[in-house]
Amino acid sequence: MEAERRLEALGIVLPRVAAPIANYVQWVQAGQFLYLAGAVPRYNDEFKFLGKVDGELSLEEAYQAARYCTMNHLAMVKQALGDLDRVERVVQLIGYVSSSPGFRQQPKVVDGASDLWVEVYGERGRHVRAALGIAEIARNIPVETIVTLLIRP
Amino acid sequence: MEAERRLEALGIVLPRVAAPIANYVQWVQAGQFLYLAGAVPRYNDEFKFLGKVDGELSLEEAYQAARYCTMNHLAMVKQALGDLDRVERVVQLIGYVSSSPGFRQQPKVVDGASDLWVEVYGERGRHVRAALGIAEIARNIPVETIVTLLIRP
Amino acid sequence: MEAERRLEALGIVLPRVAAPIANYVQWVQAGQFLYLAGAVPRYNDEFKFLGKVDGELSLEEAYQAARYCTMNHLAMVKQALGDLDRVERVVQLIGYVSSSPGFRQQPKVVDGASDLWVEVYGERGRHVRAALGIAEIARNIPVETIVTLLIRP
């Protein structure tokens, strides 16, 4: 229950896992890997942050938005595996930031997602990463992360 | 021959697999996984849809374009494995939509790709997904999908 | 020492692996796979190319920039595995090109990264690929590649 204890110490209650609205699912276990659907900064039915970074949202707000992505991913992990401690390693995180023209601090936004993985899993939470600035995400969402995990049998 | 029968019922004849034009290939089998190259809405030598979504193409046209991506992916699977039924699970689909500024319905476009996977494979076709709006794809292509599959030994 | 010999024949001395500046790492080994962090065209502490392709950089410069991405990835492989010849297969390469509006030759840029993998590993270097044009990469970087490898036990 190590990961749960760390979440509690951070004062985080995980959101509900959103029901997929199309022909996709929130997680797929494939061999030793757990693939997670793209996560966005919502908490239950509420979008916590909307807008482009550096235009409509500050860098600090965007960082917080990225933390919500990881909260949603953690909720998917719990639903998939029953136990957050079955994560052996956070392998890869790709972060897409909806960016105003000229905004070039995407890594500082995606740090919000990366930092929470490491706060919860320590060294096992450290991952390879890319942080990219894209034109648009659905519904004016500012940041979306895609994560792949290695899991314990 | 279940997947083939479903394709036939849908009236779909798979396109030829395009020959790679550079130092890349259309599929790589790695352990239990089959990685597929990015697929675009072409049918044999013809691009079926070109242009940005919401500017040059309607949402319905873009949805159809995304279905062609999956047709090309299915053709790659058949070339790689000989038999479409060796797919154990469609694991991950990332859809990139070349988007006019302000267009934010990328998921409705990428549904075209997701839906066809599920029409062919049923529950095994459901996957984790992200749908992202990007600036440009080569040759003014409207949508490109990247897919990873789990395969049967 | 085959890969090392080929690098030497190409006159390439690998750069140092950059130290991660946040909660991420340059590589994660997960089962048979080696996941590499996004690589950019730097050589040690120097960014070799900056700017958008077709606006600030020529196509030829961008091609060279993409080669530097692979040089950095090769340096990560060496640090991770000790021996470049433990690469069984280059599996997947996703290339993101920071593109001026209307620039649609992303594949010709990413060829720079793909070509070097094949110059070093021959047939084992051929991979599935996607080449995408995005709005912005941090620090005005023109191209970033993400690579996954299959490794020998």
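# Exercises on a predicted complex

Residues 24 or more positions apart account for 81% of the contacts in chain A with a separation of 6 or more. Two residues are in contact if their C-beta atoms, placed from the backbone, lie within 7 Å.

This is a predicted model, in which local features need pLDDT of at least 70, side-chain atom pairs count only at pLDDT 80 or more, and totals for chains, interfaces and linings use all residues. Residues are numbered from 1 along each chain as its sequence is written, while chains are lettered from A and ligands numbered from 1 in the order in which they are written.

## Exercise 1. Confidence

Task: State what confidence the predictor gives to chain A and to the complex.

Solution.
- Step 1. Take chain A. Its mean pLDDT is 96, and 100% of its residues reach 70 or more. The pLDDT is the predictor's confidence in each residue, from 0 to 100.
- Step 2. Take the complex. The predictor gives an ipTM of 0.96 and a pTM of 0.97.

## Exercise 2. The fold of chain A

Task: Describe the secondary structure of chain A and its overall dimensions.

Solution.
- Step 1. Count the elements. Chain A has three helices and eight strands. These are DSSP runs numbered from the N terminus: helices are H or I with at least four residues, strands are E with at least two.
- Step 2. Read along the sequence. The pattern is α-β-β-β-β-α-β-α-β-β-β.
- Step 3. Test compactness. The radius of gyration of chain A is 15 Å, close to the 15 Å from the globule rule for 153 residues, so chain A is as compact as a globular protein of that length. The radius is taken over C-alpha atoms, and the rule is 2.2 Å times the number of residues to the power 0.38.
- Step 4. Add the extents. The C-alpha trace spans about 45 × 35 × 25 Å along its principal axes.
- Step 5. Check burial. Of the 153 residues of chain A, 58% count as buried. A residue is buried if 20 or more other C-beta atoms lie within 10 Å of its own, exposed if 12 or fewer, and partly exposed in between; C-beta atoms are placed from the backbone.

## Exercise 3. Two residues of chain A

Task: Place Ala3(A) and Val97(A) in the fold, then list their contacts.

Solution.
- Step 1. Locate Ala3(A). Helix H1 (residues 2–9) of chain A holds it. Ala3(A) is buried because it has 21 C-beta neighbours inside 10 Å.
- Step 2. Find its partners. Beyond four places in sequence, Ala3(A) contacts Leu84(A), Asp85(A), Val120(A) and Tyr121(A). The C-alpha atoms of Ala3(A) and Val120(A) are separated by 5.5 Å, though the two are 117 residues apart along the chain.
- Step 3. Locate Val97(A). It lies in strand S5 (residues 87–98) of chain A. Val97(A) is buried because it has 30 C-beta neighbours inside 10 Å.
- Step 4. Find its partners. Not counting residues up to four places away, Val97(A) touches several residues, among them Val53(A), Gln106(A), Ala131(A) and Val143(A).

## Exercise 4. Where chain A meets chain B

Task: Describe the side of chain A that touches chain B.

Solution.
- Step 1. Count. 23 residues of chain A are in contact with 25 residues of chain B.
- Step 2. Assign elements. S1 (27–30), S2 (33–36), S7 (136–137) and S8 (143–151) of chain A each supply at least two residues. The largest share, three residues, comes from S1(A).
- Step 3. Sort by class. This side has 15 nonpolar, five polar and three charged residues. Ala, Val, Leu, Ile, Met, Phe, Trp, Tyr, Cys and Pro count as nonpolar, Asp, Glu, Lys and Arg as charged, and the others, Gly among them, as polar.
- Step 4. Check the strands. Two bridges join S7(A) to S6 (residues 128–134) of chain B, and the strands run antiparallel. Ile137(A) stands opposite Leu132(B). Two strands pair if DSSP finds at least two bridges between them.

## Exercise 5. A sheet across chains B and C

Task: Give the strand order of the open six-stranded sheet and name its edges.

Solution.
- Step 1. Write the order. It is S7(B)-S6(C)-S5(C)-S8(C)-S2(C)-S1(C), with mixed pairing.
- Step 2. Name the edges. S7 (136–137) of chain B and S1 (27–30) of chain C each pair on one side only.
- Step 3. Inspect the link between chains. S7(B) and S6(C) pair in the antiparallel sense over two bridges. Glu136(B) has Gly133(C) as its bridge partner.
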